[in-house]
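Q: Could you take me on a close look at one strand pairing, and then show me where its sheet sits in the whole model?

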There are 2 protein chains.
Amino acid sequence: MKDIRVVIWGLGAMGSGIARVLADRAGVRLSGGVDADPKKIGRSLGEIIDRPEETAIVSSTLEEALAESGADLCIVATSSFLREVRSHIVGCLDAGLDCITIAEEMAYPAASNQSAAAEINRVARAAGKTVLGTGINPGFVLDTLIIALTGACMEVRGIRARRVNDLSPFGPTVMKTQGVGTTPKEFERGLSGGTIVGHVGFPESMMMIARALGWKLDRIEQTRRPIIAEEERVGEHVRVPAGSVAGCNHSARGFVGDRVVLELEHPQQIQPAAAGVETGDFIEIEGIPDLSLAITPEIPGGIGTIAVTANMIPAVFAAGPGLLTMAELPVPRNVAGNLMAAAELLRDPGAEKNWREG
Amino acid sequence: MKDIRVVIWGLGAMGSGIARVLADRAGVRLSGGVDADPKKIGRSLGEIIDRPEETAIVSSTLEEALAESGADLCIVATSSFLREVRSHIVGCLDAGLDCITIAEEMAYPAASNQSAAAEINRVARAAGKTVLGTGINPGFVLDTLIIALTGACMEVRGIRARRVNDLSPFGPTVMKTQGVGTTPKEFERGLSGGTIVGHVGFPESMMMIARALGWKLDRIEQTRRPIIAEEERVGEHVRVPAGSVAGCNHSARGFVGDRVVLELEHPQQIQPAAAGVETGDFIEIEGIPDLSLAITPEIPGGIGTIAVTANMIPAVFAAGPGLLTMAELPVPRNVAGNLMAAAELLRDPGAEKNWREG
């Protein structure tokens, strides 16, 4: 059996983490890396991810990476935003590769740009290749997991879900985009100026859920509020005095007519325990039956994104062509065994070899 | 757009419940019912499920039901056991129908009978039709949901899960198969005699999980222990004196070598609250990261089985031919909209109409 050959585009914390997981798995091979950082270009992938046996050299372009070695699939981990990954994705498809990206907006790209989604789908169809946007959130907690849970309901009248996490492990960029350490006035200015963004992915998760359930959302409203520290909180990268901002409480509501049918909340702050806040992923379904799910503590964001992305490789490799979402693919799973074997099972689960004679 | 035409085979509590859900949905039509009960044969389906608008007549055989009206898919809800539904499933396939069954052993039929699984798969392939065994458990709680959760893990070293439920709503048959109201001695005799069976589905859930994750289980051990009431518990159908059996604690362990990698537990009893036991569905994953999930109270068994089964219709209608399991199909979801539209989306998510121009 051959290996699935994977190129990693973007060797930051996420891309490197995914590469590291794949280096340790069977049925998959790291065939190249692409990065814009001159300090990484020309070095071996193994040096960057601390897996000496990975000898592929990091290139500055996909073309160079592919010239060195062929590939089947590319992981694009360069940015959160559709406008920044769009050309990368099209580049993968033109080169005949399946593409998985962790760009949050790609979880359901029509939420931010319908015509870009249509174009990516067209290019994917023409190339006979698959595109998926995924990650822990959007991609898993506040969409795929919710959708899966509704599968046990005869009727769903409304959904409320919350992802309550701790930003403490994250670096300076996240502190800035969540407004951690700002004064309430600076927070407001950051919101209007677009430097404080909160969570990227609410419209994406909501539209993914709505399409899966056959709902028609009439509108989506988003709210970003500062989480004010009552007492000082000191993180690795930032000090938040009492009265300053410990994070951003970002929420979104999806309406059918005037009724809120879908309410997602993602308060992100450093040291929530300081305010007695328990972290976790919480889903409440109002329906038949009512269901209440809690994952405590929350699924960690970085590890979760790396895991979901690596774990979806067999399903994407096996899937038909076009732009897909997590809702149309088989349930995610940790593939501990051979990734190519997992892909073959998913491509044709009714193949005779999968149900051998006793 | 046409409707998916569904025949319900077996109009007990589950089959009737599924029929009722479908009667209230769009894009699906109840085209017939089959039952062995002379009191139901010849009556309208609508009369039996309290939906007067459903005029299809209940037949004694599938042939009769199909002669009256064509169908696309049959729900088989006649028995828990492969040996009893096998000929029904083959009958559906021979008649050119997709088939979903709630027979617990069909969630992963190779667990109890490899050659029957191979045969059903062969017949399904030859007919170009799909077979799925599903339900709340096996089918959802202790397999699909576990598999989905591992999707957020970089590594899984072990899985422990518990479904703690309350048998109080169930009827006399369930009381007997779980040994409720017996003395400890009668319980032991019932176990050896095969009249007390506990939960049907552990090997099925375990093998489904193992195949999805690429694990090779070397063996599965099951244990059934009586749950002794410390104080009297009185249910609708049974009285349990102190010192007698309130239910059956059935558990199973899956081994790789000598290591338990998978431990599933399903204590079923009447009035667990009397012993201070909280009901719920609990999943613990030991890995990277560790994950802990709780659904409290548990997803109710009857409603859940009806829901999951009805909700899987679009995915099964859309799927390729053969014997499938929940692990190879798209994540379950409550299809509130049109079921045929949901099936078309799942059949080809990259179709141009799904990503319209903005």
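A: Happily! In this predicted model, strand E1 (residues 4-9) of chain B runs parallel to strand E4 (residues 73-76) of chain B, and four bridges join them. One of the matched positions is B:Trp9, whose bridge partner in E4(B) is B:Val76. (Strands are DSSP runs of E, at least two residues, and helices of H or I, at least four, numbered from the N terminus; two strands pair with at least two DSSP bridges.) Residues count from 1 along each chain, and chains are lettered from A as written. Local features need pLDDT of at least 70, side-chain atom pairs 80 or more, while totals for chains, interfaces and linings use all residues; side-chain values use heavy atoms, without hydrogens or water.

Now zoom out. E1 and E4 belong to an open sheet of seven strands in chain B, ordered E3-E2-E1-E4-E5-E6-E15 with parallel pairing. At its edges are strand E3 (58-59) and strand E15 (322-324) of chain B, each pairing on one side only.

Another pairing crosses between the chains: E14(A) and strand E14 (residues 291-295) of chain B run antiparallel, joined by three bridges. There, A:Ala294 stands opposite B:Ala294 in E14(B). Across the whole interface, 75 residues of chain A are in contact (heavy atoms within 4.5 Å) with 75 residues of chain B.

On the side of chain A that touches chain B, strand E14 (291-295), strand E15 (322-324) and helix H12 (339-347) are among the elements that each supply at least two residues. H5(A) gives the largest share, seven residues.
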